[in-house]
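This briefing covers the strand arrangement, a central helix and the nonpolar core of one protein chain. Please read it alongside the sequence and structure shown here.

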Amino acid sequence: VFPSLAQAQASVANEVYQELGQPSVFLFCPTEYCSSLCSPSPSQSCYLQTIGQELLPGIGVIWTGPKVVSQELSAVLLEEVEAVLRRRPVIWDNLYANDYDCRRVFLGPYMGRAPGLMSRLHGLLLNPNCELQANFIPIHTLGTWFQSELGSCAHPDHAGMEAVAALGDSQGAQDGSYSPQEALELALRDWVAEINQQALEPGR
């Protein structure tokens with residue numbers, strides 16, 4: 001019936017979206033959901049070009065970054081993805097996911113995401129560790145990153161300063177930018193307080 005997989009998917013997604021009354025949140029996960037799955041690249045992918053053209057504008061498109069589990073996200077990549085999809089992507093962030101290797105638990109701070117990214121995103125979802133309690137630091141430090149991004153939006157002169165190597169641990173709170181190390185220390189302090197509080201509860 002359809003000349004391509006992308007047109008089939010877009011047609012079905014559009015019909016379901018309209019049947020549901022065009023809800024404010026409706027997410028579509030493409031077959032090519034990261035750069036490494038695109039051939040030859042996101043901007044030159046016939047599949048993504050068709051999805052961008054055919055999918056109704058109110059439908060959000062999920063993207064995981066350069067890879068399924070992306071160590072870094074850059075504004076340059078998101079600009080490329082936004083251009084081909086004709087909308088800002090919803091990042092499905094697998095930085096902490098360990099369902100593919102349950103011997104590992106990720107307890108470091110949220111990092112590797114360039115400053116000023118929030119203005120490039122339609123949303124951000126964090127795929128957590130399978131172990132519930134292990135997600136205190138990931139969620140806490142994500143909140144700190146988000147607060148710093150809100151600050152950047154409030155002060156546009158600081159937004160998009162990706163050239164300053166803020167993917168790592170740069171100047172931090174001195175200039176209002178996000179510091180993974182400081183975020184980790186804040187999270188650990190609050191986590192210890194949470195653990196101590198639970199230890200006082202009967203039956204713990």
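In this predicted model, 4 strands form an open sheet in the order E1-E2-E3-E4, with parallel pairing. E1 and E4 stand at the edges; each has a single partner strand, so one side of each is left without a neighbour in the sheet. Strands of a sheet pair through backbone hydrogen bonds, in either a parallel or an antiparallel manner.

**Strand pairing**

- Strand E2 and strand E3 (residues 90–93) run parallel and are joined by 2 bridges.
- The route of the chain from E2 to E3 passes through H3, and this β-α-β crossover is right-handed.
- Val-90 in E3 is the bridge partner of Ile-62, while Ile-91 in E3 stands opposite Trp-63.
- E3 is also joined to strand E4 (residues 123–126) by 4 bridges, and these two strands run parallel.
- Across that pairing, Leu-125 in E4 stands opposite Trp-92.
- In a regular strand, side chains alternate between the two faces of the sheet.

**Helix H2 and its surroundings**

- Helix H2 spans residues 46–54, and its buried residues are Tyr-47, Leu-48, Thr-50, Ile-51 and Gly-52.
- These buried residues of H2 pack against two helices, H1 (5–19) and H3 (75–85), and against two strands, E1 (27–28) and E2 (60–63).
- Thr-50, which lies in helix H2, counts as buried because its relative accessibility is 17%, and the cut-off for burial is under 20%.
- Beyond residues up to four places away in sequence, Thr-50 touches Ser-4, Ala-6, Gln-7 and Leu-55.

**The nonpolar core**

- The largest nonpolar core comprises 33 residues, and Ile-51 and Leu-55 have the most contacts inside it.
- Two or more residues of this core are contributed by each of H1, H2, E2, H3 and helix H4 (136–154).
- H3 supplies the largest share of the core, with 6 residues.
- In soluble globular proteins, nonpolar side chains tend to be buried together.

**Contacts of Leu-55**

- When neighbours within four places in sequence are set aside, Leu-55 is in contact with Ala-10, Ala-13, Asn-14, Phe-28, Thr-50, Val-61 and Arg-87.
- Among these partners is Thr-50, a residue of helix H2.
- Leu-55 thus appears in two settings: with Ile-51 it has the most contacts inside the largest nonpolar core, and its contacts also include Asn-14 and Arg-87.

Conventions
Residues numbered from 1 in each chain as written. Predicted model: local features only at pLDDT ≥ 70, side-chain atom pairs only at ≥ 80, totals over all residues. Heavy atoms only, no water. Buried < 20%, exposed > 50% of the residue type's maximum accessible area, 1.4 Å probe, protein only. Contact = heavy atoms within 4.5 Å. Pairing = 2+ DSSP bridges. Right-handed = clockwise from strand over helix to strand, strands pointing away. Core = buried A, V, L, I, M, F, W, Y, C linked by side-chain atoms within 4.5 Å.
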